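Here is my note on the model you sent round. Please read it with the structure open beside you.

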Amino acid sequence: MHDEKFMRAALREAARGVGHTSPNPAVGAVIVRGGRIVARGFHRRAGAPHAEIEALGELKNPAMARGATLCVTLEPCSTHGRTPPCVDAIIRAGFARVVIGTLDPNPAHAGRGVGLLRAAGLAVTAGVLESACRELNVGFNQWIVTGRPLVIAKAGLSLDGRLTRPPGEGQWLTSAAARADAMRLRAQVDAILIGAQTLRADNPRLTVRGVPGALQPWRIIVTRSGDLPAKSHVFTDAHCDRTLVFRGKSLRAVLHELGRREVTSVLIEGGGRVLGDAFDRRLVDRVHFYLAPLLCGGPVPAIGGRGVGSTKEAPHLRNPRYEKIGSALRLTAEVEYPDLK
């Protein structure tokens with residue numbers, strides 16, 4: 001019970017780094033002595049000290065680590081990357097015990113840190129609030145194993161599955177509260193992807209607004225013809241260096257290239273043709289839909305593409321979660337594709 005209490009505190013620390021650490025995971029740590037937290041830390045950005053080192057640096061006296069417990073959301077690193085291995089620093093500090101949320105998802109490293117700590121005489125407990133700790137870095141976890149970023153399909157749509165209002169009306173279907181929530185989602189991903197038709201029709205900025213300290217994600221435009229409006233915001237604003245155009249490439253190839261560029265998560269925001277293609281090719285890992293209390297009608301659905309030949313071929317939404325955001329209903333879920341063999 002105490003381990004869970006302190007791991008929750010470490011999770012709160014880790015959350016402070018979400019959206020800032022890519023391609024590294026967000027990690028939090030607390031140092032516990034005498035039943036109370038004496039230091040906290042989180043990983044701030046790639047190349048900066050890891051959470052464990054940040055926490056050690058917060059101690060009033062380094063000797064306070066001797067005999068103390070370190071709670072950390074992710075298995076301490078055991079290899080030299082952008083920074084030295086944290087396992088070595090933990091052993092030198094003299095901790096008596098380390099409590100770990102989840103093991104390193106990298107198959108080449110998983111369990112190695114735990115083994116080194118135990119070999120040095122430290123008591124190690126792993127798997128405390130494991131699901132929450134793993135969920136914190138779902139994009140990183142997928143990318144480090146497969147090389148492909150996590151793909152989230154995001155859309156604001158009417159109850160009858162339309163992305164836009166009738167011609168001549170305003171652009172937005174959802175409320176200001178729902179759009180603010182979507183901005184917080186943008187602040188957590190590495191890239192936002194749209195198709196050329198959405199760029200031509202809406203001239204979106206694809207920026208993060210109203211989230212203090214947020215980094216600007218990459219803005220990805222996929223196009224077949226390459227015929228794009230040169231004066232679009234994404235090509236002319238202060239973040240134009242964060243815009244990438246992929247011409248004549250399949251969506252799978254684009255995602256492969258983004259993974260190679262250390263992009264760990266991609267938010268597909270439309271349009272319907274791109275969303276449909278992503279589902280047809282089984283590339284969507286999660287959905288983040290905002291359902292507005294409207295019935296718009298019209299011939300163009302929110303998710304186009306070929307569709308499925310039968311219900312048994314349809315992707316299923318696993319662990320769906322519903323929350324009212326302003327006048328909209330937010331649906332978030334994992335996407336599961338049936339085995340057609």
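The numbered points below go through cores, charged pairs, helix packing and a few single residues.

1. Status of the model. This is a predicted model. Please keep that in mind for each point that follows.

2. The largest core. The largest nonpolar core holds 29 residues. Which members touch the most others? They are L193, I220, L258, V266, I268, V284 and V287. Take V284 as a way in. Leaving out residues up to four places away in sequence, V284 touches V151, A153, A278, F279, V335 and Y337. Apart from this core lies another, of 24 residues. L56, L70, F95 and V124 are among the members of that other core.

3. Salt bridges within a helix. The structure holds 19 salt bridges. Two of them make a useful pair to look at. R134 bridges to E130, with the closest N and O atoms 3.3 Å apart. Both residues sit in helix α5, residues 130–135. They are 4 residues apart, about one turn of the helix. R134 is partly exposed, at 40% relative accessible area. E130 is also partly exposed, at 35%. The other bridge joins D181 and R184, with closest N and O atoms 3.5 Å apart. Here the helix is α7, residues 176–186, and the spacing is 3 residues, again about one turn. Why do such spacings suit a pair? An α-helix has 3.6 residues a turn, so residues three or four places apart point the same way. Side chains of opposite charge can then pair when their charged atoms come close.

4. Burial in the α7 pair. Are D181 and R184 buried or partly exposed? D181 has 8% relative accessibility, under the 20% cut-off, so D181 counts as buried. R184 has 43%, so R184 counts as partly exposed.

5. A bridge between distant parts of the chain. E269 forms a salt bridge with R186, and the closest N and O atoms are 2.9 Å apart. E269 lies in strand β10, residues 265–270, while R186 lies in helix α7. The two residues are 83 residues apart, and the pair links distant parts of the chain. Both E269 and R186 are buried. There is also a network to check. Shared salt-bridge partners join E135, R286, R318, E334 and E336 into one network.

6. What covers α7. The buried residues of α7 are A178, D181, A182, M183, L185 and R186. Charged D181 and R186 are on that list. The cover over these buried residues includes strands β6, β7 (191–195), β10, β11 (286–292), β12 (316–325) and β13 (328–336).

7. Packing of α2 on α3. Helix α2 covers residues 51–58 and helix α3 covers residues 86–93. Their axes lie 9 Å apart, at an angle of about 30°. That angle is under 35 degrees, so α2 and α3 are roughly parallel to each other. The crossing of α2 past α3 is left-handed. On the α2 side, E52, I53 and L56 make the contact. On the α3 side, C86, A89, I90 and A93 do so.

8. E54 in α2. E54 lies in helix α2. Its relative accessible area is 16%, so E54 is buried. What does E54 contact beyond its neighbours within four places in sequence? The partners are R40, G41, F42, R44 and P49.

9. V87 in α3. V87 is found in helix α3. At 1% relative accessibility, V87 counts as buried. Setting aside residues up to four places away in sequence, V87 touches P76, C77, S78, G113, L116 and L117. For orientation, V87 and N24 are 63 residues apart in sequence. Their C-alpha atoms are 17 Å apart in space.

10. Helix α6 and its end. Helix α6 runs over residues 138–146. Its buried residues are G139, F140, N141, Q142 and W143. These pack against α5, β6 (150–158) and α10 (251–260). G147 follows α6 and has a positive phi, near 80°.

Key
Residues are numbered from 1 along each chain as its sequence is written. This is a predicted model: local features need pLDDT of at least 70, side-chain atom pairs count only at pLDDT 80 or more; totals for chains, interfaces and linings use all residues. Side-chain values use heavy atoms; hydrogens and water are left out. A nonpolar core is a set of buried Ala, Val, Leu, Ile, Met, Phe, Trp, Tyr and Cys residues joined through side-chain atoms within 4.5 Å. Buried means under 20% relative accessible area, exposed over 50%, partly exposed in between (1.4 Å probe, protein chains only). Contact means heavy atoms within 4.5 Å. A salt bridge is a side-chain nitrogen of Lys or Arg within 4 Å of a carboxyl oxygen of Asp or Glu. Axes are lines fitted to C-alpha atoms, for helices over the stretch in contact, and angles run from 0 to 180 degrees between N-to-C directions. Angles under 35 degrees count as roughly parallel, over 145 as roughly antiparallel, 65 to 115 as roughly perpendicular and the rest as oblique. A crossing is left-handed if the near helix is turned anticlockwise from the far one by less than a right angle, and right-handed if clockwise.
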